[in-house]
Every structure is written in C-alpha cells, then in structure tokens.
Amino acid sequence: MADSTKEIVNGIVQGFRDSIIKIFRYDTTSEKCDPKKSEPQTTLARRRAEKQKLKGNADSIKGNKKEPTVKQRLFQCSLWNGGVFLMSIVLFNWALLPCLLWFTQLLFAGSENLNVTWLWISSLLSWIFGALWILPLFVISKIVNCMWFQDIADAAYVKSRGRPTPINLSVLVADLLFSLLLQAFFLIQSTLATFLPIPGVGYMVGFIHMSLLYSLYAFEYKWFNMGWEVHKRLAYIESFWPYFLGFGIPLAFLTSMSASVVISGCIFSILFPLFILSANDAEEKSQICHSPLRLFAPVVMITNILFRQSVKSKNVPPSQQPMSPKKQTRITEPPIHR
C-alpha cells in the first residue's frame, strides 16, 4: 500500500513538473529545420535537389509559402485570445459599465428609480454585448484556435520526432468523430461528478476529471501523429493516470479560477499551446501504475454504442469501425519515441 501511494505521488509530481518545466525548456532556434535533410539521399536525389535550386527564385516565390513558426502561432494565440477577446470583456465589465453607472447616477441623482433604471440599462447592454460580440467572437475563436493549435503541434512534432505516421482519410474522420463524441460525454460526466452530495468530494472528482481531460487534449496531438488509435490513447492515460493527472493540474487550476465560461475559455486558449509543446517533449513514466483509473470506461461504452449504431446505418466497413470496450488496448510499456 505504501509503495503504491508513493508511486502515485511520484507520478503526479513528475507530471506536474514536466508540464511547467518543458514550457521554458522548449527550443525554437531550429524550428525551420527540414526533417528531409536528416534522411539519407541517393545520388539521383541529390542531383534533383541541385537542379531544383538552380531554377531561380521566381518560381519558388510563386509556388512556395513559408509555414508559420511556433513562435508566430503562440504570438497570434496570445494576441487574439488575450489582447482582443479577453481584453474586450475586461474593458466592458470594469471600464464601460462603471463609467455608465457614474453617468446614470449624475442624471438620476436623488431619484427613486435609479436602481431600476440602472438594472434595465446594464441588463440590456450586457445582452447586446454578449449576443453581438461575445457569441460570434467565441465561435470564431474556437475555429481559429483549432487550426492554430494543430499548426503548433505539427511544427513541434516535425521538429523533434520527424514526419507523422500517415493515416487513411476514412480512419482519420472516424477517429476524429469518435474522439469528439467521447470527450463530450466525459465532460458531461465530470460536470455530474461535481454534484456529489459529499462536501468537497464532488469538487475533487470533477477537478481530477478536468485534469485528465486537459492532459488528453495536450497529448492527443502527439499520439495522433504517432498513429495511435483513440482506444490506445485512453488505455495509456488510464494506466499511467498519476502522471497525466499531475500534468493537467496547472491548466485545470488556472481555468477554474473564473466562474465565467467565456473567461475560462480565453485563459485556456492562451495557455493551451504551451502545454502542447510540453506534451510533445515530455517523457512519460516508464513504470505502469498497478492501480489503473477507469474513468473513461463508462463514456467509452456509451460512445461505442452510439457510434456503432451510426456506423451500421452508413454501412461502414468493419475494419474502420471503432473497437469494442472488450478489445481495448492494454498498455504494458511506454511508447517508443522516435
């Protein structure tokens, strides 16, 4: 029992340390290195490369576009989510509304209807601001952030590990849909866990859920590029859950500091790219936990039932259908990094 407790604590500490330290140790000096250069080339390939260089700069300028670097994407995420989205909310709530309240008090000084008038004005302005600014910006941010997060993850993976493992398009779509559905059910499960009647226990269970979910978000980019299927990714997190719990604690804590879903989303969007870089360079625990945490088992079962019904209705081949819970991959050793 003592050894198991020590193993869990060490795993949490190591995951927490990696999530923070790897951010500051990430090296962006060699982002533009091409993985093809490290591969051995034949004489014919070298000749073709030399001919390609002699074609001139005109064709290269027209046909080739520079890929955005990690630094550029990090700056864009911070500027968009922090400088535009979050700052607009801060200015509206702590600058515009207080100024309007002061102006309203000057106009209705001594009036009995001051409180009622301000309640109507603030409610109307808040509704207009949320409907015409926050909601459209929130939807646009989700779409833009998805593309930027993918660019950051791909650039970091190519830099440190080489080319991603190619995946069939149909398998890619099926895996993506299954993963999104599973994460949605897991988020609902974490929300329901917070309503446990025991004081403090509900919050802790929900916090553990969110920490593991944020770790899954961060590591999923790397594992997907490595060719891991969704069931293998979940089995790995459940088998090494102390490490991933510790890894997701900082982000779960920072996003839980605000009661507003929109502000928490802004904080997540600003910090999450940094955790993608940490997950890409992290070295997971080499020793499997003897007490696996099966928090994903209920949502995997529900997702499998719903997904299989939709797959059967579309007549998808069995080779592209998701695995049943009985066939989930059992992890006995950590992945081999390239």
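**Note on helix α10 and the nonpolar cores**

1. In this predicted model, S260 caps the N-terminal end of α10, with a side-chain oxygen 3.4 Å from the backbone nitrogen of V262; a polar contact here is a pair of N or O atoms within 3.5 Å, one able to donate a hydrogen and the other to accept it, and residues adjacent in sequence count only if both atoms are side-chain atoms. Local features need pLDDT of at least 70 and side-chain atom pairs count only at pLDDT 80 or more, while totals for chains, interfaces and linings use all residues. Residues are numbered from 1 along each chain as its sequence is written, and side-chain values use heavy atoms, without hydrogens and water.

2. Helix α10 (a DSSP run of H or I, at least four residues, numbered from the N terminus) covers residues 261–281 and bends by about 35° at L271, with P273 following within four residues; the bend is the angle between axes fitted to the seven residues ending there and the seven starting there.

3. The largest nonpolar core (buried Ala, Val, Leu, Ile, Met, Phe, Trp, Tyr and Cys residues joined through side-chain atoms within 4.5 Å) has 52 residues, of which F219, W223, F244, F272 and F296 touch the most other members. Among the elements giving it two or more residues are α4, α9 and α10, and α7 gives the most, with 11 residues.

4. A second, separate core of 11 residues includes F85, L86, L97 and I134. L97, in helix α4, counts as buried at 13% relative accessibility, the cut-off being under 20% with a 1.4 Å probe and protein chains only. Not counting residues up to four places away in sequence, L97 touches F92, W118, L125 and S126, contact meaning heavy atoms within 4.5 Å.

How values were computed
The expected span of a helix is 1.5 Å times one less than its number of residues. Buried means under 20% relative accessible area, exposed over 50%, partly exposed in between (1.4 Å probe, protein chains only).
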